[in-house]
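Dear colleague,

Please find below the structure I am handing over for your attention. My notes on it follow.

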Amino acid sequence: MTTAPISIAIKYLPHGEGLPLPVYATPGAAGMDVVAAETLTLEPGKRAAIATGFAIAIPPGYEVQVRPRSGLALKHGITCLNTPGTIDEDYRGEVKVILANLGDQPFEVVRGERIAQLVPAPVQRATLARVDELDSTERGDGGFGSTGR
Ligand SMILES: O=c1ccn([C@H]2C[C@H](O)[C@@H](COP(=O)(O)OP(=O)(O)OP(=O)(O)O)O2)c(=O)[nH]1
Ligand SMILES: [Mg+2]
């Protein structure tokens, strides 16, 4: 069961004209697939900020996460380097997808092909309360595998 969708304004930039809107591939998809607005070759070990051709205005209290597509990751070693990418609600620039090629073959990014997915999410902000001592817990300062492999 999903909650009611929020409305995100989307504006296409001149180089994005003609591209399809990000779309949910199936009725139950969590992410809207977003396509590249440019064509380029990503060599192994390289990264690039790929144009999407649009900018968005997210309603207050939300962000949009930019996540990789598992098929590109598994078949080609292509991921979003900063996953999940964060689009702030006050950002009005072009949305870009920072792709990295962790595979061993050059990967051609093709205009119009799906490269990532967008997932809107509510933002929980916090205030920080500075203290001299934290409460004690069973875990304490154990981490990074302290409970076993
Ligand atoms: O995958 C991404 C990540 C970020 N952005 C844009 C929207 C976001 O609101 C802005 C800043 O992102 P972030 O806060 O992650 O980067 P930063 O390095 O902290 O930059 P800034 O100093 O501009 O906040 O860059 C994208 O287009 N794609
Ligand atoms: Mg930032």
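**The nonpolar core**

In this predicted model, the largest nonpolar core comprises 24 residues, and Ile-50, Val-97, Leu-99, Val-109 and Ile-115 have the most contacts inside it. At least two core residues are supplied by each of the following: strand E3 (32-35), strand E5 (47-57), strand E6 (62-67), E7, strand E9 (94-101), strand E10 (107-109) and strand E11 (114-122). The largest share, four residues, comes from E9.

Leu-99 may serve as an example of the contacts. Leaving aside residues up to four places away in sequence, Leu-99 touches Leu-42, Arg-47, Ala-48, Ile-50, Ile-78, Cys-80, Val-109 and Ile-115.

**Annotated domain**

The UniProt record, an unreviewed entry, lists residues 20-148 as "domain: dUTPase-like". Over residues 20-148 the chain is 40% strand and 5% helix, with 48 Å between the end C-alpha atoms.

**Annotated binding site**

Under "binding site", the same kind of record (unreviewed entry, UniProt) lists Arg-69, Ser-70, Gly-71, Asn-82, Thr-86, Ile-87 and Asp-88. These positions span 20 residues of sequence and are also spread in space, with up to 26.4 Å between C-alpha atoms.

Two of the listed positions may be described further. Gly-71 lies in helix H1 (residues 70-76). Gly-71 has 10 other C-beta atoms within 10 Å and is therefore exposed, the cut-off being 12 or fewer. Asn-82 is found in the loop between strand E7 (78-80) and strand E8 (85-87). With 13 other C-beta atoms within 10 Å, Asn-82 is partly exposed.

Yours sincerely

Key
Residues are numbered from 1 along each chain as its sequence is written. Chains are lettered from A and ligands numbered from 1 in the order in which they are written. This is a predicted model: local features need pLDDT of at least 70, side-chain atom pairs count only at pLDDT 80 or more; totals for chains, interfaces and linings use all residues. UniProt positions are given in the numbering used here, feature names are shortened, and annotations may be inferred rather than shown by experiment. A residue is buried if 20 or more other C-beta atoms lie within 10 Å of its own, exposed if 12 or fewer, and partly exposed in between; C-beta atoms are placed from the backbone. A nonpolar core is a set of buried Ala, Val, Leu, Ile, Met, Phe, Trp, Tyr and Cys residues joined through C-beta atoms within 7 Å. Two residues are in contact if their C-beta atoms, placed from the backbone, lie within 7 Å.
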